[in-house]
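Visitor: I should like to take a close look at the metal site of this protein. Please describe it, and then the parts of the chain around it.

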Amino acid sequence: MGVPGTNPPPPGLAETELFAVDAYRTEFDATITEVDHEGGRIALSRTAFYPVGGGQPSDTGTLQTAAGALAVTGVRRERGTIWHTLAPDAGELPAVGAEVQGEIDWDRRHRLMRTHTALHILCGVIWADYSIPVTGGNMEPMKGRLDFPFPEMSTELGSQVERRINEEIARAHEIVVDFLPRSLADADPALIRTSANLIPQEIDPLRVIDIVGLDRQADGGTHVLSTAEVGGVRVVGTESKGKDNKRIRIEVVDAQGDTA
Ligand SMILES: [Zn+2]
């Protein structure tokens, strides 16, 4: 279970989108609610599989049915429905109403959690030290990149940022998942800075990831419990993507000082 915030999740979320409230949940039981035969995918009454979004790739894993195990190769949310795409060799898909036991690939998920948290630490460090907001990014397990409107970028700046990220990892900041009422979120300076006000008003409450004392942002992703759990981070590239757009690439490693 993640560290709960002061505000509870909206009604129903904790029973249906298990990844949103407990990033450490790896197994679950569910009932099939929809089957898309053409697309080779199914929807479930509840799921621990994270659907691709917010720069975080989807989970993979397996669904055990009465007829055997089905491999889940990708997960995507479409108009509110979370679809689990099955491997092409899945054969005949199970029927609506059938029960399944799901299990996510935890090694992959935990690497993504460490990477996603590492990128938020990078955001927090750049804001704390340079007052520059992030403009974009992406990640895979154990590596990611973020873009910032820095006027200049250099390998020296990259080394300095790497040192600061690892300092914040060593401080073992607690990471809290909160569901902030929109009225409070829209008045929160950290959330205004990260443009949370651009999220449609009907999304209420806003899910907020708070790296306590370092970084707060509206976020749908899965994160570790403490910055210490990230391990270590190396800045492996700094690039200019044009005037006022500089890219910082990182790799997550198992301990500070390790090479990937
Ligand atoms: Zn994020």
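**The zinc site and its surroundings**

Guide: In sequence, the donor residues of the zinc ion follow the spacing H-x3-H-x98-D. The pair H116 and D219 links distant parts of the chain, 103 residues apart: H116 belongs to helix α3 (residues 106–130), whereas D219 lies in the loop between β12 (215–218) and β13 (232–240). The model is a predicted one. In it, the zinc ion is coordinated by NE2 of H116, NE2 of H120 and an OD atom of D219, at 1.9 to 2.1 Å.

Two of these donors can be described by their accessibility. H116 has a relative accessible area of 2% and therefore counts as buried, the cut-off being under 20%. D219 is likewise classed as buried, because its relative accessible area is 12%.

Helix α3 may be considered next. It comprises 25 residues and spans 35 Å from its first C-alpha to its last, close to the 36 Å expected at 1.5 Å a residue. Its N-terminal end is capped by D105, a side-chain oxygen of which lies 3.2 Å from the backbone nitrogen of D107. After α3 comes S131, with a positive phi near 55°.

From S131 one may move on to the loop between α3 and β8, where T135 is found. T135 is exposed, because its relative accessibility of 55% is over 50%. Its C-alpha lies 7.3 Å from that of P149, although T135 and P149 are 14 residues apart in sequence. The second largest cavity holds about 40 Å³ of space. It is lined by C123, I132, P133, V134, F148, R193 and T194. Of these lining residues, five are nonpolar, one is polar and one is charged.

The donor D219 also leads to the largest pocket, whose volume is about 1,100 Å³. This pocket is lined by 41 residues, and those closest to its centre are G54, I199, A218, D219 and G220. The elements giving two or more residues to the lining are α2 (18–21), α3, β8 (136–140), β11 (206–211) and β12. By class, the lining consists of 20 nonpolar, 14 polar and seven charged residues.

The loop between β12 and β13 also holds T227. T227 counts as buried, because its relative accessibility is 0%. Its side chain reaches two backbone atoms: the oxygen of I169 at 3.2 Å and the nitrogen of H173 at 2.9 Å.

Some details of backbone geometry complete the description. Most residues other than glycine have a negative phi, and most peptide bonds are trans. D204 and P205 are joined by a cis peptide bond, with omega about 5°. P205 is placed in the loop between α6 (189–193) and β11, and β11 is one of the elements named above for the lining of the largest pocket. M142, in the loop between β8 and β9 (143–148), is a residue other than glycine with a positive phi, near 75°. M142 is buried, with a relative accessible area of 17%. R79 is not a glycine either, and has a positive phi of about 45°. R79 lies in the loop between β5 (68–78) and β6 (81–86). With a relative accessible area of 82%, R79 is exposed, whereas M142 is buried.

Methods. Residues numbered from 1 in each chain as written. Predicted model: local features only at pLDDT ≥ 70, side-chain atom pairs only at ≥ 80, totals over all residues. Heavy atoms only, no water. Donors = N, O, S within 2.8 Å, 3.2 Å for Na, K, Ca; no water. Helix = DSSP H or I, 4+ residues; strand = E, 2+ residues; numbered from the N terminus. Buried < 20%, exposed > 50% of the residue type's maximum accessible area, 1.4 Å probe, protein only. Expected span 1.5 Å × (residues − 1). Polar contact = N/O pair within 3.5 Å; in protein donor to acceptor, adjacent residues only side chain to side chain. 1 Å grid on protein atoms, 1.4 Å probe; cavity = no way out; pocket = protein on both sides within 12 Å on 5 of 7 lines; lining within 4 Å. Points joined across faces, edges and corners; volume = space filled by probe spheres on them. Nonpolar A, V, L, I, M, F, W, Y, C, P; charged D, E, K, R; others polar.
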